[in-house]
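Opening my notebook on this one. I want to go through confidence, core, charges and backbone oddities in turn.

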Number of protein chains: 2
Amino acid sequence: MPSPPRSGPLAIIAGAGRLPADIAAEVAARGDAVVVMPLRGLADQRFDGFGGLPVGLLDPAGALAALRQVEASAVVLAGTVAKPGLGVVVAGWQAMRHRDEIRAIMQGGDDNLLRGVVKFLEANGFPVRGVDEVAPGLMARVGPLAGPEPAEAALRDIALGRKALQAIGPLDIGQAVVVAEQRVLAIEAAEGTDAMLRRVATLRQPGLLGRLVRRGRAAIGERGGVMVKAPKPGQDRRVDLPAIGPRTVRLAAAAGLSGIAVEAGGVLLVSRADLVDEAVRRDVFITGLPA
Amino acid sequence: MPSPPRSGPLAIIAGAGRLPADIAAEVAARGDAVVVMPLRGLADQRFDGFGGLPVGLLDPAGALAALRQVEASAVVLAGTVAKPGLGVVVAGWQAMRHRDEIRAIMQGGDDNLLRGVVKFLEANGFPVRGVDEVAPGLMARVGPLAGPEPAEAALRDIALGRKALQAIGPLDIGQAVVVAEQRVLAIEAAEGTDAMLRRVATLRQPGLLGRLVRRGRAAIGERGGVMVKAPKPGQDRRVDLPAIGPRTVRLAAAAGLSGIAVEAGGVLLVSRADLVDEAVRRDVFITGLPA
């Protein structure tokens, strides 16, 4: 049964990477209380000044107890959980003790763990917020964000990319597409943005006679083109917030792209300073499109 | 300047694989004259009974001379040119002698060699036909084509796959999608159907905790789902005819799919006997959808 609203800090349950610390810094900078609860075996940064109890990915009761102890007013889930270390595997054994709660979290036909976690936390009285709500300053804004000015051809490719994303939007497919010379080279579906960019890089390294022939398909130029990324319509941004970071810029450059266009307010800029550095160094533009 | 219609045989300019021979057999079976002109260094089958002069991929004038010699009434381009052997590389040196014609073929803002070849042949008075026109018996027809009966869930996934193809159709993107449990897992763009199926197979072999966590995305089941393949609207089938063959079935099985649905009349069944064998052996259904 949901409890009445609590008056304590915003609690950030933190996976790997610098995002949790960046959120904490922005929340604190505007004078709001914030505490970071690092996920054991996943969080890989120090959270000096925002220190909270560590919590276990597979210990829902422990996380609730920690949130109640600090009287968290709301929760943000942030950071990556893609490459769990040994600690998580060890914690997995503990999960046997919590299997009923975990089963409840995973139930309801929803196979997405994070969505289950959101439901579980809210059912226990802790509203879950998106990064875009609590730290809007970390999101892309409209206009040039880094790197050179987009050329005319790039602007045309961006327009086609947006059209492609709009066409597939109602089908809840992907967040990103790659367009070059007015041709859609790749659409992200379940594989993720990084894998899509790697695919484009591979397509652009044709073998013998590949550029000439390529099984009856149009040859793909080796350079040029853009990636366009935006949230899907109706996407729960607390669970799946589109993001780009320094690695995205490196992969875009390796794919020969001239730039990246993202929907302002809807795409997170991870490690912004490094992202901007990479964009300048690799001559890749980053631009924010009006939502 | 186009010449008047000729009254000779249909000429098949043949790349690798059995398709050129299959076309020749179907044309001959209905009593029409047919000759096969194997591409030097590419064609890898014998064409007993349909023998014609070999032609060079990079020798347009030679191909025209051969077509004039047999007074070809029309031309079909068939077979793959994806893995050219040494012969083609050697022939590439010859191309220096024909560079003006080849430049003409490649001109006009069109970077597709085959489209250039079609224009070149037609401008020289040889109409180019599609495989679907000259050998309709090689195309998928409506209804069950091989393997088991599609389950209810597969029929729903097929319907969503068709919707996805229709959504991206106007954007001239891909011929195929993979759908499982009402979720679009992959859309083919420039990478081709085989690469898309390999990607799905990889997505379904998650690493440690991958099935549980997968960076906030919904986990992908290890089995089930369908591939749907159809021509793009306005696609020139003489240049880019969608096809499935035994390898497609093997890749679909490796990706855990329960079946393949193709647009009847619009998708070629390559090596049909082997395709049906593979479908039965791997328990993958193949079904033809009304166009």
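Below are my entries, one topic at a time.

**Confidence**

I am looking at a predicted model. I checked the global scores before anything else: ipTM is 0.77 and pTM is 0.82. For chain A, I get a mean pLDDT of 84, with 82% of the residues at 70 or more. I then went looking for the weak spots in that chain. Residues 106-111 of chain A have pLDDT below 50, and the stretch makes seven contacts beyond near neighbours in sequence. Residues 208-218 of chain A also sit below 50, yet I find 35 contacts for that stretch in the model, again beyond near neighbours in sequence.

**Core**

Which residues have the most contacts inside the largest nonpolar core? I get I173, I187 and V228, from chain A and from chain B, in a core of 38 residues. I picked I173(A) and listed what it touches, leaving out residues up to four places away in sequence. Within chain A, I173(A) touches I168(A), E188(A), A189(A) and K232(A). From chain B, the list has A164(B), V184(B) and I187(B).

E188(A) from that list got its own lookup. I find E188(A) in the loop between strand 7 (183-187) and helix 8 (193-203) of chain A. Is E188(A) buried or exposed? With a relative accessibility of 0%, E188(A) counts as buried. Its side chain has a polar contact of 2.7 Å with the side chain of T193(A).

**Helix 9 of chain B**

I wanted to know what this helix packs against. Its buried residues are P246(B), T248(B), V249(B), L251(B), A252(B) and A253(B), within residues 246-254. Against these I find helix 8 (193-203) and helix 10 (272-281) of chain B. Strands pack there too: strand 8 (226-229), strand 9 (243-244), strand 10 (259-263) and strand 12 (285-289), again of chain B. Just after the helix, G256(B) has a positive phi of about 80°.

**Salt bridges**

How many salt bridges does a search of the whole structure find? My count over all chains is 30. Side chains of opposite charge can pair when their charged atoms come close. I followed a few of these pairs.

E263(A) and R162(A) form one, with the closest N and O atoms 3.9 Å apart. I note that this pair links distant parts of the chain: E263(A) is in strand 10 and R162(A) is in helix 7 (residues 152-168) of chain A, 101 residues apart. E263(A) is buried at 14% relative accessible area, whereas R162(A) is partly exposed at 22%.

R250(A) and E278(A) form another, at 2.7 Å from N to O. Here R250(A) comes from helix 9 and E278(A) from helix 10 of chain A, 28 residues apart. I have R250(A) as partly exposed, with 35% relative accessibility. Why does E278(A) count as buried? Its relative accessible area is 8%, and buried means under 20%.

E278(A) also forms a salt bridge with R281(A), at 3.7 Å from N to O. Both residues are in helix 10 of chain A, three residues apart, which is about one turn of the helix. R281(A) is exposed, with a relative accessible area of 57%. I also noted a network: salt bridges with shared partners join E191(A), R199(A), E191(B) and R199(B).

**Positive phi**

Last lookup: the backbone. Most residues other than glycine have a negative phi. I therefore noted two aspartates here. D283(A) has a positive phi of about 60°, and I place D283(A) in the loop between helix 10 (272-281) and strand 12 (285-289) of chain A. It counts as exposed because its relative accessibility is 52%.

D172(B) has a positive phi near 55°. Where does D172(B) lie? I find D172(B) in the loop between helix 7 (152-168) and strand 6 (176-180) of chain B. With a relative accessible area of 47%, D172(B) is partly exposed.

Note on methods: Residues numbered from 1 in each chain as written. Chains lettered and ligands numbered in written order. Heavy atoms only, no water. Helix = DSSP H or I, 4+ residues; strand = E, 2+ residues; numbered from the N terminus. Buried < 20%, exposed > 50% of the residue type's maximum accessible area, 1.4 Å probe, protein only. pLDDT = per-residue confidence, 0-100. Contact = heavy atoms within 4.5 Å. Polar contact = N/O pair within 3.5 Å; in protein donor to acceptor, adjacent residues only side chain to side chain. Core = buried A, V, L, I, M, F, W, Y, C linked by side-chain atoms within 4.5 Å. Salt bridge = Lys/Arg side-chain N within 4 Å of Asp/Glu carboxyl O.
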